[in-house]
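The following explanation leads through one protein chain, from its overall build to a few of its details. Please keep the sequence and the model in view while reading.

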Amino acid sequence: MEVKLARKRGFCFGVEDAIELAERILSEKGTGGVVALGPVIHNAQVVERLERAGLNQSADLESLAPGSSVLIRSHGAAPETYQQVRDRGLEIVDATCVLVKRAQTVVRQLHEEGYQVVMIGDANHPEVRGVIGYAPNVIVVDSEEHLDEVLPPRGRLGILCQTTHAPEHVAEMIGAIARRPFRELKVVNTLCLEVVRRQEAAVELAHEVDVMFVLGGLHSANTQELARLCREEGTRTFHLETWDQFKPEMVDGCRVAGVTAGASTPDFIIDAFVHKLEAFPAAG
Ligand code: SF4
């Protein structure tokens, strides 16, 4: 089968830096010396590899021995988490992506400037849960449906967004908010261009192929978004973690397949998938 790759795909610099930092600290501290607060990135295969190298995971700071190091993952964490780590005499190893750090700073600045802060994002996503900890009473919105219930009736809003959201979705949300009678809206663009470039490349490729494979963690927000955008273009699309989930019927009647991958998908998964797909017979 002919396989085409998206011109931008896979690991972003934030994820690369987080893994590099985790590996460096592991080699210095040895097995059991470092504990991550949740998966370092949203990719089960990479997390398993780090676990095999000795990186434990825990959400319970109470159980950690004094002197242990705590790895804050690329999604970042709220200030209370940093405080709890320090209070227990644990060392912080901070792998928060610089762009997530910027979103945390933006939230604080908007609040200090007197705006009611609104974050466009998924309230359950770890990045959002961390970012909103940098100012009191941040409102999180992700659909137009409940805007009237959750937004104040008037006033000055300071708006930012989850780094991995699609620009079109953010633009729609800002448009919906702007149709309401707010005295002032200040919008700070906190979108990650790494994600935007992967989205553009995926949509471009979706037009050239019979079927799209989007590789990445099933819980990875940016990978889910890539799959959604490809489906929106009308292309048959599958979101898989690895080749193990591939089924021959997925490529029934297909001659050309496209492959892209989320920002937390390592090259070894992409390369193995492409290799096997290329060897798979195309439709006659
Ligand atoms: S996707 Fe963007 S914001 Fe998220 S870790 Fe990568 S570079 Fe940072």
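In this predicted model, 41% of the 284 residues of the chain count as buried. The contacts tell a related part of the story: of those with a separation of 6 or more, 75% are between residues 24 or more positions apart along the chain.

The chain is built from 10 helices and 12 strands. Its radius of gyration is 21 Å, close to the 19 Å that the globule rule gives for 284 residues, so the chain is as compact as a globular protein of that length. Taken along the principal axes, the box filled by the C-alpha atoms is roughly 65 × 55 × 25 Å.

One strand deserves a closer look. Strand β6 covers residues 116-120, and 4 of these 5 residues are buried. Which strands are joined to β6 by bridges? Strand β8, residues 156-161, runs parallel to β6 and is joined to it by 5 bridges. In this pairing, Ile120 stands opposite Cys161 of β8. Strand β7, residues 139-141, also runs parallel to β6, and 3 bridges join the two. Here Val118 is found opposite Ile139 of β7. Between β6 and β7 the chain passes through helix α5, residues 126-131, and this β-α-β crossover is right-handed.

The path from α5 to β7 includes a loop, and Asn137 is located in that loop. The backbone of Asn137 has a positive phi of about 55°, although this residue is not a glycine. Is Asn137 buried or exposed? A residue counts as exposed if 12 or fewer other C-beta atoms lie within 10 Å of its own. Asn137 has 8 other C-beta atoms within 10 Å, and therefore it is exposed.

The last region to consider is the surroundings of the ligand. A shell of 15 residues surrounds the ligand, and the closest are Cys12, Gly14, Cys97, Thr163 and Cys192. Three helices, α1 (13-29), α4 (98-112) and α8 (193-206), each supply at least two residues of this shell. Which element gives the largest share of the shell? That element is α1, with 3 residues. Sorted by class, the shell around the ligand holds 9 nonpolar, 5 polar and 1 charged residues.

Note on methods:
Residues numbered from 1 in each chain as written. Predicted model: local features only at pLDDT ≥ 70, side-chain atom pairs only at ≥ 80, totals over all residues. Buried ≥ 20, exposed ≤ 12 C-beta atoms within 10 Å, placed from the backbone. Helix = DSSP H or I, 4+ residues; strand = E, 2+ residues; numbered from the N terminus. Pairing = 2+ DSSP bridges. Right-handed = clockwise from strand over helix to strand, strands pointing away. Rg over C-alpha atoms; globule rule 2.2 N^0.38 Å. Contact = placed C-beta atoms within 7 Å. Near = placed C-beta within 6 Å. Nonpolar A, V, L, I, M, F, W, Y, C, P; charged D, E, K, R; others polar.
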